[in-house]
Amino acid sequence: MRKKDPAARAAEETALETEDAEERAADRDFFDWMQTLTAVLVVVVLVFTFFFMVISVSGSSMYPTLHDGDIMLVQRIGYTPQAGDIVVLRKESFYDEAIVKRCIAVAGQEVEIDYEENRVYIDGVVLEEDYLNFTNEGLSGQYGDDYMVEKDSMVYSDFIVPEGCIFVMGDNRNGSSDSRTAELGMVDTRYVIGGVLAVFFPFDRAALFS
């Protein structure tokens, strides 16, 4: 049998070693990529478990700002409710699931609701609310031109928000059960889950909230 030329044998061995090295490098790259992907997924899960949450709107109490079925991004950790914010809260004695409302006033603020004029006063100043359902759209025309009708269940109209609480209402005033009623009333801030940062689905309704 003819012996292989030493140079050819060396070249073959070098090629095999190079191929093995490339395979090991590819394996290391794949392992590193999987480690990175796993770490990213863990971070994302932790962030969305403790810092943020995704929740959908149920109902029309926040129409026209929010529509039934809108998907929202909500900040949880480090959030403090401020007047004007859209908040997600849960008070089981009022409703089993989380609800979405607008924070109208915080602790220490005086609120006066003038149903005859369809106005809300905060510390004596008219609250500018360009986000309301002024036309009562979706409410079967039962309220006429009054977009904030006082109902029998509404017991709060002139008050100071107590410490540790906020006062909330829906933007669809005639279609919202909120802090005006004794059932919900002043909302203990411990019931607040977080503040709405954005709507991101459906895409044609995507919006950011400050």
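Student: Which residues do ring pairs link into a cluster in this predicted model?

Tutor: Start from the whole-structure search, which turns up 4 aromatic pairs in this predicted model. Ring pairs also join up into a cluster, and its members are Tyr 156, Phe 159 and Phe 167.

Student: What is the geometry of the Phe 134 and Tyr 147 pair?

Tutor: Both rings sit in the loop between β7 and β8, 13 residues apart. Their centres are 4.9 Å apart with 85 degrees between the planes. Planes over 60 degrees apart count as edge-to-face, so the Phe 134 and Tyr 147 pair is edge-to-face.

Student: Is Tyr 147 buried or exposed?

Tutor: Look at its partner too: Phe 134 has 36% relative accessibility and counts as partly exposed. Tyr 147 comes in at 18%. The cut-off is under 20%, so Tyr 147 counts as buried.

Student: Why is the pair of Phe 201 and Phe 203 edge-to-face?

Tutor: Phe 201 is partly exposed at 40%, and Phe 203 is exposed at 66%, but accessibility isn't what sets the label. A ring pair is described by the centre distance and the plane angle. For Phe 201 and Phe 203 the centres are 5.2 Å apart, and the label edge-to-face follows because the planes are at 90 degrees.

Student: Which element gives the most to the lining of the largest pocket?

Tutor: That pocket has a volume of about 300 Å³ and is lined by 16 residues, with Ile 99 and Val 100 among those nearest its centre. The elements giving two or more residues are β1 (52–56) and β4 (99–106). With 3 residues, the top contributor is β4.

How values were computed: Residues numbered from 1 in each chain as written. Predicted model: local features only at pLDDT ≥ 70, side-chain atom pairs only at ≥ 80, totals over all residues. Heavy atoms only, no water. 1 Å grid on protein atoms, 1.4 Å probe; cavity = no way out; pocket = protein on both sides within 12 Å on 5 of 7 lines; lining within 4 Å. Points joined across faces, edges and corners; volume = space filled by probe spheres on them. Helix = DSSP H or I, 4+ residues; strand = E, 2+ residues; numbered from the N terminus. Phe/Tyr/Trp six-rings, centres within 6.5 Å; stacked < 30°, edge-to-face > 60°. Buried < 20%, exposed > 50% of the residue type's maximum accessible area, 1.4 Å probe, protein only.
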